[in-house]
Amino acid sequence: MSASTRRDTGWTAEVISGADALDNLATEWDHLFRRSSAATPFQSRIWLSSWCRWYGPANGRLCLVCVRYQGVLVAAAALVLTRQRLWRVLRPAGVEQSDFCDVLVDDSGDGVPDARTSVGRLAAAIRSELRFDLLDFPDVRPGSVLARVRNDWPGGTTEIPGAVCLSLPGVPMEEHVEAIEATKIRQQLRRRLRELDRVGLEVRLVSADESEDAVARFLELHRRQWADRSVNSEHLTERFRGHLTAVLRASTEAGETAGFQTVLAEFSLKNKETLEVEHVASDLLIVGRSMVGAYLYSYLPSLRSRVDVSVALTRAAMAMTAERGVPELSLLRGTEQNKYQLSPNQVQSVRIVLADGVWGAVGLWAIRGWRLTAKAVKRLDAAVVRRVRRVRRSG
């Protein structure tokens with residue numbers, strides 16, 4: 001582990017690197033995570049430590065930027081230093097397996113400086129303690145800490161639209177359905193809920209001791225679900241299974257002290273003739289203070305002929321969200337058509353890129369140029385398609 005430190009009127013800025021860096025900061029990081037109101041589970045120490053174990057060595061050098069005031073950790077960023085083309089790029093740790101990216105700042109107001117001061121100190125620490133050209137954060141939620149870092153950043157910045165995430169209110173599905181204005185959609189959903197009641201789908205939450213076997217069952221169902229379609233190959237790897245198992249076990253064992261929880265719900269049906277219980281679906285949820293995230297699900301392909309699987313899983317997730325008093329169920333990244341049948345809200349994430357130095361400014365210019373080129377190519381492709389269609393119709 002290596003560290004560098006600067007002191008200034010009670011403030012210290014430190015960069016810590018090494019495979020065990022997060023574990024060595026466990027108590028401090030957990031405390032800061034619980035006191036950072038914008039934090040999502042993807043910034044938790046449990047999630048990031050597991051990612052470092054299973055993915056870290058192949059993804060660059062981990063750098064933890066820590067800002068303390070009078071010895072108390074008040075702001076932090078878990079970053080990975082990589083080389084992309086000609087530029088040294090800092091990206092958030094865990095970005096490949098995380099739906100939202102951000103940094104942490106204590107904005108509780110409980111005996112610490114105001115959040116804006118801490119954010120400014122964090123931005124200054126990143127620039128002074130690390131050598132890089134670009135700080136690149138994709139999928140940043142509205143209200144994030146990083147947006148405040150960008151506001152205090154002295155160098156060039158750019159913001160690019162990111163993934164669209166769909167969300168539902170933290171109420172039971174039955175209540176949400178009755179609030180939908182479109183009569184046809186409301187009636188369709190009522191019918192599907194009645195079908196679910198008749199089928200008798202049972203739901204249970206996996207305990208910490210079952211984590212390894214439950215994740216194996218979950219991913220086996222996922223493999224069968226996508227057997228005849230293009231699947232995300234990473235979801236079938238040993239490291240992905242190890243990562244999910246570690247996070248599920250650790251967060252379930254820690255309970256409320258973790259500041260978030262990973263929940264794996266298993267769905268089963270009982271055969272009325274043999275009375276055997278069959279595992280037919282699983283849903284992995286990540287529960288934070290401000291949202292529950294529907295991270296990944298799997299189901300037996302034959303279940304689709306019996307129920308609307310999306311409605312079944314979302315109904316259980318909304319019930320748990322309401323029971324725990326969390327205001328939002330996020331369906332996370334992706335705008336699949338089946339998600340829209342529940343009349344969700346759209347939340348636009350953004351990609352924030354910050355430059356340091358002259359070469360970083362050149363990198364921003366290149367990113368903007370590539371984006372404009374991609375847009376032009378897309379418009380050209382669309383124009384060609386329209387032209388071909390007109391020619392075919394006229395012929």
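A nonpolar core is a set of buried Ala, Val, Leu, Ile, Met, Phe, Trp, Tyr and Cys residues joined through side-chain atoms within 4.5 Å. Keep that in mind as you open the viewer. What you are looking at is a predicted model.

**Stop 1: the whole chain**

Start with a cartoon view of the protein chain. Its secondary structure comes to 12 helices and 14 strands. The chain has 395 residues, and 49% of them are buried. About 19400 Å² is exposed, with carbon and sulfur atoms supplying 49% of that area. Now think about how the chain folds back on itself: among contacts between residues at least 6 apart in sequence, 73% join residues at least 24 apart.

**Stop 2: the largest core**

Select Trp29, Leu64, Leu264 and Tyr295 and show their side chains. In the largest nonpolar core, which has 44 residues, these four touch the most other members. Add helix H3, residues 45-54: this helix gives the most to the core, with five residues. A general tendency is at work here: in soluble globular proteins, nonpolar side chains tend to be buried together.

Zoom in on tyrosine 295. Which residues does tyrosine 295 touch, not counting those up to four places away in sequence? They are Phe42, Trp47, Gln97, Asp99, Phe240, Leu244, Leu284, Ile286 and Leu332.

Next, colour Leu196, Leu221, Met318 and Leu331 differently. They are included in a second, separate core of 36 residues.

**Stop 3: helix H9**

Select residues 238-254, which make up helix H9. Try a distance between the C-alpha atoms at its two ends. They are 24 Å apart, which agrees with the 24 Å that 17 residues should span at 1.5 Å a residue.

Which residues of H9 are buried? Show Phe240, Gly242, His243, Leu244, Thr245, Ala246, Val247, Leu248 and Ser251. To see what covers them, switch on their surroundings, including H3, helix H8 (211-225) and the strands S10 (261-270), S11 (277-287) and S12 (292-299). Just after H9, click on glycine 255, which takes a positive phi of about 65°.

**Stop 4: two tryptophan and leucine spots**

Select tryptophan 153, in the loop between helix H5 (145-151) and strand S8 (157-169). Is tryptophan 153 buried or exposed? Its relative accessible area is 6%, so tryptophan 153 counts as buried. Beyond its neighbours within four places in sequence, tryptophan 153 is in contact with Ala123, Ile126, Arg127, Phe132, Leu354 and Ala355. Alanine 123 is 30 residues away along the chain, yet the two C-alpha atoms are separated by 6.6 Å.

For a contrast, go to leucine 86, in the loop between strand S4 (72-84) and strand S5 (87-92). Leucine 86 has 52% relative accessibility, so it counts as exposed. Add Val358, Trp359, Val362 and Trp365: with Leu86 they form a nonpolar patch on the surface, with about 560 Å² of accessible area together.

A little further on, in strand S5, find valine 89. Valine 89 is buried, with a relative accessible area of 3%. Its contacts, leaving aside neighbours within four places in sequence, are Val80, Leu81, Thr82, Gln84, Leu134 and Asp136.

**Stop 5: salt bridges**

Side chains of opposite charge can pair when their charged atoms come close. A search of the whole structure finds 25 salt bridges. Here are some to visit.

- Select aspartate 136 and arginine 351, whose side chains meet in a salt bridge (2.8 Å, N to O). Aspartate 136 lies in strand S7 (residues 134-140) and arginine 351 in strand S14 (residues 345-355), so the pair ties together parts that are 215 residues apart in sequence. Aspartate 136 is buried at 5% relative accessible area, whereas arginine 351 is partly exposed at 26%.
- Select aspartate 197 and arginine 315, which meet at 3.1 Å, N to O. This pair links helix H7 (residues 183-199), home of aspartate 197, with helix H10 (residues 309-323), home of arginine 315, 118 residues apart.
- Select glutamate 220 and arginine 223, with their closest N and O atoms 2.5 Å apart. Both lie in helix H8, three residues apart, about one turn of the helix. Glutamate 220 is partly exposed at 35% relative accessibility, and arginine 223 is partly exposed at 39%.

End the tour with Arg204, Glu210, Arg217 and Glu266 shown together: they are linked in a network of salt bridges.

Methods: Residues are numbered from 1 along each chain as its sequence is written. This is a predicted model: local features need pLDDT of at least 70, side-chain atom pairs count only at pLDDT 80 or more; totals for chains, interfaces and linings use all residues. Side-chain values use heavy atoms; hydrogens and water are left out. Helices (H or I, at least four residues) and strands (E, at least two) are DSSP runs, numbered from the N terminus. Buried means under 20% relative accessible area, exposed over 50%, partly exposed in between (1.4 Å probe, protein chains only). Contact means heavy atoms within 4.5 Å. Accessible areas come from the Shrake-Rupley method with a 1.4 Å probe; for residues, only the protein chains shown count as cover. The expected span of a helix is 1.5 Å times one less than its number of residues. Patches are made of residues with over 30% relative accessible area and no salt bridge: like charges are joined within 9 Å, nonpolar side chains (Val, Leu, Ile, Met, Phe, Trp, Tyr) within 5 Å. A salt bridge is a side-chain nitrogen of Lys or Arg within 4 Å of a carboxyl oxygen of Asp or Glu.
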